[in-house]
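Reader: I'm new to looking at protein models. Could you walk me through one?

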Amino acid sequence: MQELVKEIEELKKERQAVILAHNYQQDVVQDIADLVGDSLELSRYAAKTEAKVIVLAGVRFMAESASILAPDKTVLLPDIFAGCPLAESIDVQELKREKEKYPDAAVVCYVNSSAEVKAESDICCTSSNAVKVVQSLPHRRILFVPDRNLASYVARFTDKEIIPWPGLCVTHYRVTLEELEEARAAHPQAKILVHPECRPEVTEAADFVGSTSAILKYARESDAQEFIIGTEMGILHRLEQENPGKKFYLLSPGLICPNMKLTTLSKIAQCLKEMRPVIKVPEDIRVRAYQALERMLEVA
Ligand code: CIZ
């Protein structure tokens, strides 16, 4: 493995590349990354880096977001099959039909979506700023795509009518209330931190609900010493690194995303050697998707 890491370091220099890894990536991938973060943090970094090449260790919509915000850079996705079933639960034609049904509604689109769907939306949101984004809009009705659990979480904090798209993240959906209760009984002192993509009964019973960045921040700042984590297992690596002495337990053994685990060190080396697969969002879509992301950044 040391040889592979050395090879990647050399290829990075040769290509003037940076490696950006999502919080859900395998530990070894996180360890060689220039930045580990959520999808928004990764694309913001992509936009400001001097590097010419960005290796996005994550899933396809994240590489698209980097391409939207950094169109002059080459964005590589080490495994072209690293998709996101949630993002794939809606396509642009379906969204256009839904918009016709609700002409007075604003379309708020979770960043876990394709560039085409973003381009067809009024504004994007992340799981950290979804409530703020929805509240910022003058519209009474909000077409919220594609995650129904995040939509239902947002609906708790607003009087607006939220019309959810029925998509969901299969990994977070696997977590049940029974598992949460069992985990609480096993670790009664622990705080339960879950992602808003979990089922409503799970988010209602948790001590804290937030994005990966918000969970990391909560754990860093909390005086508690034990935490039960209800999001993809890859985040445990950073939680343990950043909080020596604190204990972290995974809420459910089902919290593993197979798509996130497709990225390996050898695929990273390979993509830097071959300079493919490249993810490039067509300019007409990029410009409109950029506007939806820009509006979110202005609000949040
Ligand atoms: O947008 C992201 O990065 C995802 C998929 C999760 C999160 O909460 O950070």
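**Around the ligand**

Author: Let's start with the ligand's surroundings: His22, Tyr24, Asp38, Ser39, Met62, Val111, Asn112, Ser127, His195, Ser211 and Thr212 are the residues around it, each with a heavy atom within 4 Å of the ligand. Keep in mind that this is a predicted model, where local features need pLDDT of at least 70, side-chain atom pairs count only at pLDDT 80 or more, and totals for chains, interfaces and linings use all residues. Residues are numbered from 1 along each chain as its sequence is written, and side-chain values use heavy atoms, with hydrogens and water left out.

Reader: Which side chains have a polar atom lying 2.5 Å or 3.4 Å from an oxygen atom of the ligand?

Author: A polar contact here is a pair of N or O atoms within 3.5 Å. For Thr212 the distance to a ligand oxygen is 2.5 Å, and for Ser127 it is 3.4 Å. His22 also has a side-chain N or O atom 2.6 Å from an oxygen of the ligand. The protein covers 95% of the 270 Å² of accessible area that the ligand has on its own, going by the Shrake-Rupley method with a 1.4 Å probe.

Reader: Now Asn259: is it buried or exposed?

Author: Buried means under 20% relative accessible area, exposed over 50%, and partly exposed in between (1.4 Å probe, protein chains only). Asn259 has 15%, so it's buried. Leaving aside neighbours within four places in sequence, Asn259 is in contact (heavy atoms within 4.5 Å) with Val59, Phe81, Ala82, Gly83 and Pro85.

Reader: And which peptide bond is cis, with omega near -10°?

Author: That's the one from Val145 to Pro146.

Conventions. A polar contact is a pair of N or O atoms within 3.5 Å; within protein, one must be able to donate a hydrogen and the other to accept it, and residues adjacent in sequence count only if both atoms are side-chain atoms.
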